[in-house]
Amino acid sequence: MTNSKYTKTVEQLRKSASMFWPSDLSEQEAELSIIPKLLETQEEFISILSVKVNDLNGLFQVVNAATLSANMFIKHLVVLADFGGENLKRLNSQFNFLFPSKELDYIWKGKSCLYQFEALPVKGQLSNEKLGIDGKKLLKKQTLSTLHKDIIALLLLASSSKKQTSVNFLAKCEIGNYIGEPEKLDKFIKQRYIWVSRITSGAKSNTLGQIAQKFVKDYLDKHLNISDIKVEQSGHLPGIRHTDDDDNRATSFDIVISKLNKKYAAIEVSFQVTTNSVIERKAGQAKSRFDQIEKAGYKIAYVIDGAGNFERESALRTICSYSHCTVAFSEGNLDLICEFMRNYFSYNEE
């Protein structure tokens with residue numbers, strides 16, 4: 001039987017709903033939106049590095065004159081060198097070991113060159129935010145700073161360092177070898193961007209809805225406090241099938257919770273700020289799923305939020321009618337779904 005404490009009407013959900021993305025989820029969404037922007041500015045990035053220059057100072061002048069912002073230029077380098085946030089932190093914390101003279105002594109175009117660091121290491125942590133290359137700041141154009149110059153020097157040329165300890169850590173920082181050589185540069189970058197395109201396709205498929213799913217899963221992992229429990233994102237319930245012609249195809253759920261392969265529960269998550277058909281699809285499947293799940297002795301819950309979803313009131317009413325626990329996307333509501341799951345998984349335990 002359902003419990004009115006856990007089942008909500010559309011009106012009750014609306015009162016506790018967030019409606020618009022919480023700030024932490026907005027930041028994750030912003031990170032995803034970076035990848036298409038990188039591909040959009042790829043040709044401009046290549047054109048900057050295609051200019052023949054005599055040294056790094058010449059390159060810095062080209063970067064300063066370009067319409068591509070300094071922080072976007074660095075983001076391209078970070079991605080191509082696979083040098084993310086954790087590596088930046090490590091670089092800063094170990095900088096004095098890697099570059100005790102605060103110089104990058106390297107070979108470029110067959111010549112011995114020297115770059116003097118001006119800003120590294122920085123106080124505290126070196127982060128994407130500090131460089132202006134995180135989701136929140138990347139689209140705000142920044143001009144070239146001394147810190148930017150230091151990072152560009154490393155990401156371009158550190159693999160050519162004469163110091164082996166720094167080469168070991170910065171081996172992928174090699175794109176500077178192709179500065180001023182458009183054909184080689186284009187081939188190198190396009191090959192690297194095959195890897196970037198994988199991120200892009202992942203970003204497109206990893207929709208905002210899936211960010212919400214992961215957030216709910218992580219919240220359950222942290223707050224359920226049930227022994228021998230397993231929480232999976234995108235899973236199946238034993239014996240629960242689609243009702244279309246493919247009778248043998250298992251139904252996929254956003255989140256599946258199980259205990260010792262004996263008790264199971266599913267959670268469907270939808271957070272849509274703008275209206276689309278996702279909530280209609282979930283509503284269309286709600287009754288069939290509920291009937292099968294009831295018969296099997298399992299439970300199904302829904303986390304529903306977002307202004308777009310509440311524009312589809314009929315769909316929401318259907319979902320609320322065929323759910324053991326329905327909550328909005330707020331901390332108190334997520335605590336409620338944790339309570340529901342604790343009660344279900346601990347009931348009649350032997």
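These legends describe close-up views of a predicted model of one protein chain.

**Figure 1. Overview of the protein chain.** The secondary structure of the chain comes to 16 helices and seven strands. The chain has 350 residues, and buried residues make up 48% of them. Among contacts with a separation of 6 or more, 70% are between residues 24 or more positions apart.

**Figure 2. Helix 4 and the elements around it.** Helix 4 covers residues 56-65, and its buried residues are Leu56, Gly58, Leu59, Phe60, Val62 and Val63. These buried residues pack against three other helices, namely helix 3 (42-50), helix 5 (70-80) and helix 9 (146-157), and against strand 1 (103-108) and strand 2 (111-116). At the N-terminal end, helix 4 is capped by aspartate 55. A side-chain oxygen of aspartate 55 lies 3.2 Å from the backbone nitrogen of asparagine 57.

**Figure 3. The crossing of helix 4 and helix 9.** Two packed helices are described by the distance between their axes and the angle between them. For helix 4 and helix 9, the axes come within 11 Å and cross at roughly 115°. The crossing of this pair is right-handed. Helix 4 contributes Leu56, Leu59 and Phe60 to the contact, while helix 9 contributes Lys149, Ile152, Ala153, Leu156 and Leu157. By class, the residues of the contact of helix 4 with helix 9 are seven nonpolar, no polar and one charged. Leu56, Leu59 and Phe60 are also listed among the buried residues of helix 4.

**Figure 4. The largest nonpolar core, with isoleucine 175.** The largest nonpolar core has 58 residues. Those that touch the most other members are Phe45, Leu59, Leu91, Ile151, Leu156 and Ile175. With its neighbours within four places in sequence left aside, isoleucine 175 is in contact with Phe45, Leu49, Leu77, Leu80, Leu155, Leu156, Leu185, Phe188 and Ile189. A second, separate core has 53 residues, including Tyr6, Leu13, Phe253 and Cys325.

**Figure 5. The loop between strand 2 and helix 8.** Proline 121 lies in this loop, which precedes helix 8 (128-131). The peptide bond from leucine 120 to proline 121 is cis, and its omega is near -5°. Serine 127 is found in the loop between strand 2 and helix 8 as well. The side chain of serine 127 reaches the backbone nitrogen of lysine 130 at 3.1 Å. Serine 127 and leucine 88 are 39 residues apart along the chain, and their C-alpha atoms are separated by 6.4 Å. Serine 127 has a relative accessible area of 21%, so this residue is classed as partly exposed.

**Figure 6. Two residues with positive phi.** Aspartate 82 is found in the loop between helix 5 and helix 6 (85-93). Phi of aspartate 82 is near 50°, a positive value in a residue other than glycine. Because its relative accessible area is 37%, aspartate 82 is partly exposed. Asparagine 261 is found in the loop between strand 4 (250-259) and strand 5 (263-271). Asparagine 261 is not a glycine either, and its phi is positive at about 55°. The relative accessibility of asparagine 261 is 63%, and the residue therefore counts as exposed.

**Figure 7. Glutamate 268 in strand 5.** Glutamate 268 lies in strand 5. Its relative accessible area is 2%, so glutamate 268 is buried; the cut-off for this class is under 20%. The side chains of glutamate 268 and lysine 282 are joined by a polar contact of 2.9 Å. Apart from its neighbours within four places in sequence, glutamate 268 is in contact with Ser252, Phe253, Asp254, Lys282, Arg289, Ile300, Ala301, Tyr302 and Val303.

**Figure 8. The crossing of helix 13 and helix 15.** Helix 13 covers residues 278-296 and helix 15 covers residues 313-321. Their axes come within 8 Å and cross at roughly 35°. Helix 13 passes helix 15 in a left-handed crossing. On the helix 13 side the residues are Ile279, Glu280, Lys282, Ala283 and Ala286, and these meet Ala315, Leu316, Thr318 and Ile319 in helix 15. The contact of helix 13 with helix 15 comprises six nonpolar, one polar and two charged residues. Lys282, one of the helix 13 residues in this contact, is also the polar partner of glutamate 268.

Terms used. Residues numbered from 1 in each chain as written. Predicted model: local features only at pLDDT ≥ 70, side-chain atom pairs only at ≥ 80, totals over all residues. Heavy atoms only, no water. Buried < 20%, exposed > 50% of the residue type's maximum accessible area, 1.4 Å probe, protein only. Helix = DSSP H or I, 4+ residues; strand = E, 2+ residues; numbered from the N terminus. Contact = heavy atoms within 4.5 Å. Polar contact = N/O pair within 3.5 Å; in protein donor to acceptor, adjacent residues only side chain to side chain. Core = buried A, V, L, I, M, F, W, Y, C linked by side-chain atoms within 4.5 Å. Axes fitted to C-alpha atoms, helices over the stretch in contact; angles between N-to-C directions. Left-handed = near helix turned anticlockwise from the far one by under 90°. Nonpolar A, V, L, I, M, F, W, Y, C, P; charged D, E, K, R; others polar.
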